[in-house]
Amino acid sequence: MTVDKIVTEPSLAAVLQISDQARDQATTLVRLVEDSCDGHPSAEVQAEIAKQQKHLFTSISHLRGLHRNASLSARATRATTAEARQAVDRLHLQLQNLYYEQRHLQGEILACESYDHKYTQLPLIPADEFIAQHPEHANDDENELMIARIDHERKEREALEQQRQELLKRKQKLIAENKRRKDDLANLDKELEKFIDGGKPILQLFEKAP
């Protein structure tokens, strides 16, 4: 597979095109100079050499500009990748916190469910504290007060279950978001690797240039 088929990014394709053009111009210029070494070159040959030099310098200048743009683009891509990685790390930390919170709530729920469900053994709040919170039951008899306290306990448990369900929804949403960001980060890393690998021939060209 040729380089032209491997490199598909427009800016890198432009670098390859200008690089090939500069190579052909340099080859032509070297041939003209070698041909003129046998004797005094004619004015036409000198003009052609000057013309080819001008074309070559123009191509090299263009290559330098493309190289500068490629370097800036690579730097911006690395910065974007770093920001995306930080965002994924933050989401991962939030997800871990949700796991801890979920385990804590599950422990609380398990503790509540492990009690003997005889009403006398329910973990109800003390009667005086319940009446302080709900003064409308101050004149209730013992049976009515117990029913109210049990109903209060039921509502508290339902509120905990609703909170647990909401946390589970948040967890699923964060898991999906975390996966999407990790996929985006992986794609960015692949693009960056392609970009850097594609630029290696250019760097080698400049290193070999006199």
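The following dialogue examines a predicted model of one protein chain and the reasons behind the terms applied to it.

Trainee: What makes up the protein chain, in helices and strands?

Mentor: The protein chain has five helices and zero strands. From the N terminus on, its elements therefore read α-α-α-α-α.

Trainee: How confident is the predictor in the protein chain, and which elements have the lowest and the highest mean pLDDT?

Mentor: The mean pLDDT of the protein chain is 80, and 82% of its residues reach 70 or more. Among the elements, helix H1 (residues 3-6) has the lowest mean, 56, and H3 has the highest, 86.

Trainee: Why is Thr 81 called buried?

Mentor: The relative accessible area of Thr 81 is 3%. Buried means under 20%, so Thr 81 is buried. Thr 81 lies in helix H3, which covers residues 43-113.

Trainee: Why is Arg 85 called partly exposed?

Mentor: Arg 85 has a relative accessible area of 37%. Partly exposed covers what lies between under 20% and over 50%, so the term applies to Arg 85. Arg 85 is also placed in helix H3.

Trainee: Which residues do Thr 81 and Arg 85 touch, leaving aside those up to four places away in sequence?

Mentor: Thr 81 touches Leu 185, Leu 188 and Asp 189, with residues up to four places away not counted. Arg 85, leaving aside its neighbours within four places, is in contact with Leu 185 and Asp 189. In addition, the C-alpha atoms of Arg 85 and Ala 186 are separated by 9.7 Å, although these residues are 101 residues apart along the chain.

Trainee: How many of the contacts between residues at least 6 apart in sequence join residues at least 24 apart?

Mentor: In the protein chain, 73% of those contacts do.

Trainee: What makes up the largest nonpolar core?

Mentor: This core has nine residues: Val 15, Ile 18, Ala 22, Leu 29, Leu 32, Ile 49, Leu 56, Leu 63 and Leu 66. Helices H2 (10-36) and H3 are the elements that give two or more residues to this core, and H2 gives the most, with five.

Trainee: Which residues does Ile 18 touch, not counting those up to four places away in sequence?

Mentor: Ile 18 touches Ser 59, His 62, Leu 63 and Leu 66. Apart from the largest core lies another, of six residues, among them Leu 91, Leu 95, Leu 98 and Leu 174.

Trainee: How much of the protein chain is buried, and what area does the chain expose?

Mentor: Buried residues make up 23% of the 210 residues. The chain exposes about 15200 Å², of which carbon and sulfur atoms supply 54%.

Definitions and conventions:
Residues numbered from 1 in each chain as written. Predicted model: local features only at pLDDT ≥ 70, side-chain atom pairs only at ≥ 80, totals over all residues. Heavy atoms only, no water. Helix = DSSP H or I, 4+ residues; strand = E, 2+ residues; numbered from the N terminus. Buried < 20%, exposed > 50% of the residue type's maximum accessible area, 1.4 Å probe, protein only. Contact = heavy atoms within 4.5 Å. Areas by Shrake-Rupley, 256 points an atom, 1.4 Å probe, with all protein chains shown as cover. pLDDT = per-residue confidence, 0-100. Core = buried A, V, L, I, M, F, W, Y, C linked by side-chain atoms within 4.5 Å.
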